[in-house]
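This report concerns a molecular structure and the arrangement of its secondary-structure elements. The sequence and coordinates are shown first.

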Amino acid sequence: MPAQPSLFQTSLSVTDLTRYMRQVLENDPILQDVWVTGEISNLSRPSSGHVYFTLKDAGAALRCVIWRSTLLKLRGVDLQNGLAVETHGQVGLYERDGTYQLYVDAVRPVGEGRLYQEFIRLKARLEAEGLFEEERKRALPERPRRIGIVTSPTGAALQDMLNTLRRRYPLAEVVVAPAAVQGVEAPGEIVRGLVALNRLAGVDVILVARGGGSLEDLWAFNDEAVVRAIVASAVPVISGIGHETDFTLADFAADRRAPTPTGAAVLATPDAADLRVALRRQEERLVAAVAGQLAVCQNQFAGLNARLGRASPAWRVRNDRQRLDELQSRLVRAGMAHLQLRRAHQQSLAARLKALSPLAVLRRGYALVQTAKGGVVRQAAQLEVGQEIRVQLADGSAGVVVQSVHLNAPPAAPAPQARE
Amino acid sequence: MVDAIIAVESLSYEQALAELEEITRRLEENPPALDETLALYERGQMLAQRCASLLDQAELKVRQLSGEDLQNREGE
């Protein structure tokens, strides 16, 4: 060490020096991620919401601060003067004061660090034995008739679970196996409770539960004997230990894990409200099935009834009467048509007849020649000179004496037939 | 088969529900003659009523094992 300060060094400002020191601290990896053990003193909680205290031991003191935002995330430890704790955080320098302090982000009771290590070790060993395997886990009964609970008989956890069960599924019967849930006697009593409930007839599911606490408080549920008893239980086990984020080895061993004792009671049971809905649906199905069958029968009945109706005499009469009416109409229609045809025929005949009448022939200029006796003369050959004949014309007749007779040359065609 | 002799009032929730489900399934899949159907329907309704009243009237029964119950017994 120099006997005297060097006169050739530049002088730094307080600010520069302080800033330099701050950088040194902030760049040190150990100081930025450190656990420190000590005793809390000078605890202060100003209105800002931040917490200030000094962590001390025999040799030194360290200022600590926990920001309000960090405090909200911390759980478990109740900070008090005199409490021995382990704190985790980063060392920083408050330039204004020229003081260094620990910015704390985690606090745990002394010894918990060691406990946690042991937890990790135990977990690894039991996991290697396959005790936490998913395949081992059993299904929970849908509607348990008898529910076993291993817990402290005086704790709030038991009351919470009973209230939940009462609300959700009062049909069940609950059997409580009382056990200490922390302290040296706890593991033994928990194991004894599990064994007794297994021995009891008709227990469908067992809840193992306790309220929240520190790792040390929950330590009984990391006990090897407890883990083995849960695995060995013939009855499915649901664990509900501590708070949401606590995990004990019992949780890994259980067939189902719930975040809280109440959660365990919920997992164990159906909700009576859901059961009522399912019951109503069952009733609806019943009604629908019967209604369906009734509908089929009614259809069959209607069909048979209709067939029966068609076979009845009354129906036949009604039917025949209708047929009769129908035929009559057809007959009438046919008759009228025939009549019209005949009339037309008649009219045409009459016309033809008129055209052929002798009168009409006479009007056309032909004459009818008759002998004195009245016989019709058709051929000139019948006449003699001097014969008296009568000549009929359209409007009268004349007496005529034949003067001469001439015969035509014989025609190619045969002689005309006399008309009738 | 449905045994109509067992009184509905003596059935547990589990038993009544199981019988109700069986009756419903039977009437849906393989209905008998109409009068037996109606008899089954009536029983089904009674079973449903039994389940509902069990749900409504049930009170959680709670008991605690004694120290003696908890003793480890050899060769049980």
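The sections below treat the contact between the chains, two helices and a set of strands.

## Basis of the report

The structure is a predicted model.

## Contact between chains A and B

The contact draws 31 residues from chain A and 29 residues from chain B. On the side of chain B that touches chain A, at least two residues are supplied by each of α1 (13-29), α2 (34-57), β1 (61-64) and α3 (67-70) of chain B. The largest share, 9 residues, belongs to α2(B). By residue class, this side of chain B comprises 16 nonpolar, 8 charged and 5 polar residues.

Strand pairing also links the chains: β7(A), residues 173-178, and β1(B) run parallel and are joined by 4 bridges. Within this pairing, R63(B) of β1(B) is the residue opposite V175(A).

## Helix α9 of chain A

Helix α9(A) covers residues 272-310. Its 39 residues should span 57 Å at 1.5 Å a residue, and the end C-alpha atoms are indeed 57 Å apart, so the expected and modelled spans agree.

Which residues of α9(A) are buried? They are L275(A), L279(A), L286(A), A289(A) and V290(A). An α-helix completes a turn in 3.6 residues, so positions three or four apart point the same way. The buried residues of α9(A) pack against two helices of the partner chain, α1 and α2 of chain B. Of these, α2(B) is the element that gives the largest share of the side of chain B that touches chain A.

## Helix α1 of chain A

Helix α1(A), residues 14-26, contains 13 residues. The distance from its first C-alpha to its last is 18 Å, close to the 18 Å expected at 1.5 Å a residue. Is this helix covered or uncovered? It is hardly covered, with a count of 0 buried residues among its 13.

## Strands of chain A

Strand β1(A), residues 34-44, pairs with β4(A), residues 84-94, in the antiparallel sense over 6 bridges. In that pairing V36(A) stands opposite T87(A) of β4(A).

β1(A) also runs antiparallel to β2(A), residues 51-56, through 4 bridges. Here E39(A) has K56(A) of β2(A) as its bridge partner. β1(A) and β2(A) form a hairpin in which 6 residues lie between the strands. In the turn, G49(A) adopts a positive phi of about 100°. Strand β1(A) is thus bridged to β4(A) and to β2(A).

Conventions. Residues are numbered from 1 along each chain as its sequence is written. Chains are lettered from A and ligands numbered from 1 in the order in which they are written. This is a predicted model: local features need pLDDT of at least 70, side-chain atom pairs count only at pLDDT 80 or more; totals for chains, interfaces and linings use all residues. Two residues are in contact if their C-beta atoms, placed from the backbone, lie within 7 Å. Ala, Val, Leu, Ile, Met, Phe, Trp, Tyr, Cys and Pro count as nonpolar, Asp, Glu, Lys and Arg as charged, and the others, Gly among them, as polar. Two strands pair if DSSP finds at least two bridges between them. The expected span of a helix is 1.5 Å times one less than its number of residues. A residue is buried if 20 or more other C-beta atoms lie within 10 Å of its own, exposed if 12 or fewer, and partly exposed in between; C-beta atoms are placed from the backbone.
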